[in-house]
Structures are given as structure tokens and as C-alpha cells.
Amino acid sequence: VRPESITFTSGGTESNNLAIVGVVEQIHKSGLPYSEMEVVTTEIEHPSVMKVMKELESRGVVVKYVSVDREGFVQLSDLKENLSAKTVLFSVAYANSEIGVVQKLHALKKVLTEVEKKYESKILFHLDAAQAPLWLACQFDALNADLVSLDVGKCNGPKGVGVLVKGRRVTLAPTVFGGGQES
């Protein structure tokens, strides 16, 4: 990835928060009211995603929770039903920290792309990959995501270090001010 695509954070929680809130706030700053935005996630996400969703709901963002099957895989038909012209972001864990399910990323991206084409819109794809690096391929381009959150402490690096990688389609509003070295 390009150096300007990387933002260092204090861990996976901050990376997830920056990805989700940064996207919503950037869109809001461009003039779209919170009530006109939808964010989609699953029912089994990490608290660092679920708590952000509750905060967004309190601001007026419509948050939709798609179902998963008994093994924890996103139900693609439910995902497709819950995406709309107002959807700005879909957030999901690559590998779930509790049950270990590894989502089928290409199938998820295919649904997102179909809906984007249908509505001529842009749905950003956020991947919480904090649990993935020791076990799964994490090359950014191969993941087909717009934003990828990582926790360095989960892959034998120092605790208290995280990374948010963002693709070219993404502009984030800052959630912390005064750190120009971090864009």
C-alpha cells in the first residue's frame, strides 16, 4: 500500500472507530444529513464496531444489522435486502474473534458491487481484520475492501499499536485533531 494510505492508531478499536466514524462524518460534512445515511453491519461484530453503531444511531444514522447463518457467515440474501441507495458503508469482521468464522469476502464484495451498480452509488467496505494477520492472507488489494483495520498486538507486534489502511475511494474526516503527521 502507499504510505499515505496508512494511519497508525492505538489498536484495533481505534482503527475501527476511525474507519466507521471517519466515513460517516466526512459524508455528513459534505452536506448529507445523518438521517439520509445507512450503515450496515452484522449481529455478531466486535464491541468496537457495535458500540460505534449505537453512537451513530443516536446521531440519526440508520444502522441495519444483517443476519448470519448458524456458522456465522453473512446471509448474502439478507445483506442484499438491507442495502439501498442510502447505504454508505458495510462493516464486517474478516475473522470473528469469538467463533472463528472467516467471511467469504469475494461473495460479500460481489453483492456490494451489484447494489452499487443498481443504485449508481458508492458503498464503502470496511473490514475489521484485527484477528486475521497470523492466520489469513491480508494483502490489501486481495481483500477487496476500502478500509482495513488491524491490531499489531494480535500478530506478535507491540500492544497499543494499530493500523487503518484506506483505499483510494475513501476520504475520512478526522476524529482526533492536531495530528497532522497522521493526515
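Modeller: Before this predicted model is discussed, one term is needed: the expected span of a helix is 1.5 Å times one less than its number of residues.

Colleague: How do you know that the length of α4 agrees with that rule?

Modeller: Helix α4 has 15 residues, and at 1.5 Å a residue these should span 21 Å. The end C-alpha atoms of α4 are 21 Å apart, so the span agrees with the expected value. Helix α1, residues 12–29, can be judged in the same manner: its 18 residues reach 25 Å from the first C-alpha to the last, close to the 26 Å expected.

Colleague: What makes the buried residues of α4 line one face of the helix?

Modeller: The buried residues of α4 are Leu105, Leu108, Lys109, Val111, Leu112, Val115 and Glu116. Seen down the axis of α4, they fall within an arc of 160°, and therefore they line one face. The face turned away from that buried side carries the exposed residues His106, Lys110, Lys117 and Lys118.

Colleague: Against which elements do the buried residues of α4 pack?

Modeller: They pack against α3 (76–82), β4, β5 and α5. The largest nonpolar core has 26 residues, of which Leu79, Leu83, Phe90, Leu108, Phe125, Leu127 and Val148 touch the most other members. Among the elements that give two or more residues to this core are β4 (87–93), β6 (147–151) and β7 (162–166). Helix α4 gives the most, with five residues.

Colleague: With which residues is Val148 in contact, leaving aside its neighbours within four places in sequence?

Modeller: Val148 is in contact with Leu127, Ala129, Phe140, Leu143, Val163, Leu164 and Val165. A second, separate core has 22 residues, including Leu18, Val49, Val52 and Val88.

Colleague: Why is the aromatic pair of Phe90 and Phe125 called stacked?

Modeller: Ring centres must lie within 6.5 Å to pair, and planes under 30 degrees apart count as stacked. The centres of Phe90 and Phe125 are 5.8 Å apart, with 20° between the planes. Both values meet their cut-offs, so the pair is stacked. The structure holds one aromatic pair.

Colleague: What makes this pair a tie between parts that are 35 residues apart in sequence?

Modeller: Phe90 lies in strand β4 and Phe125 in strand β5, so the pair ties together those parts of the sequence. Both Phe90 and Phe125 are buried.

Colleague: How do you know that Lys104 lies over the face of Phe73?

Modeller: The distance limit for a charge over a ring is 6 Å from the ring centre, and the charge must also be within 35 degrees of the ring normal. Lys104 is at 4.4 Å from the ring centre of Phe73, and is assigned as lying over its face.

Colleague: What makes the phi of Glu120 worth noting, although it is not a glycine?

Modeller: Most residues other than glycine have a negative phi. Glu120 has a positive phi of about 50°, and it lies in the loop between α4 and β5. Asn144, in the loop between α5 and β6, also has a positive phi, of about 60°.

Colleague: Why is Asn144 called partly exposed, and why is Glu120 called exposed?

Modeller: Buried means under 20% relative accessible area, exposed means over 50%, and partly exposed is in between. Asn144 has 28% relative accessibility, and therefore counts as partly exposed. Glu120 has 77%, so it is exposed.

Colleague: How do you know that Val170 is buried?

Modeller: Its relative accessible area is 4%, which is under 20%, so Val170 is buried. Val170 lies in the segment after β7. Leaving aside its neighbours within four places in sequence, Val170 is in contact with Val23, Leu124, Asp146 and Leu147.

Colleague: How do you know that the buried residues of α2 line one face?

Modeller: The buried residues of α2 are Ser48, Val49, Val52, Met53 and Leu56. Seen down the axis of α2, they fall within an arc of 135°, so they line one face of the helix. The face turned away from them carries the exposed residues Lys51 and Ser58. The buried residues of α2 pack against α1, β2 (38–42), β3 (62–66), β4 and β5.

Colleague: What follows α2, and what follows α1?

Modeller: Helix α2 is followed by Gly60, whose phi is positive, near 110°. Just after α1, Gly31 takes a positive phi of about 115°.

Note on methods. Residues are numbered from 1 along each chain as its sequence is written. This is a predicted model: local features need pLDDT of at least 70, side-chain atom pairs count only at pLDDT 80 or more; totals for chains, interfaces and linings use all residues. Side-chain values use heavy atoms; hydrogens and water are left out. A nonpolar core is a set of buried Ala, Val, Leu, Ile, Met, Phe, Trp, Tyr and Cys residues joined through side-chain atoms within 4.5 Å. Buried means under 20% relative accessible area, exposed over 50%, partly exposed in between (1.4 Å probe, protein chains only). Helices (H or I, at least four residues) and strands (E, at least two) are DSSP runs, numbered from the N terminus. Contact means heavy atoms within 4.5 Å. Rings of Phe, Tyr and Trp (its six-membered ring) pair if their centres lie within 6.5 Å; planes under 30 degrees apart count as stacked, over 60 as edge-to-face and the rest as tilted. The arc is that of the directions from the helix axis to the C-beta atoms.
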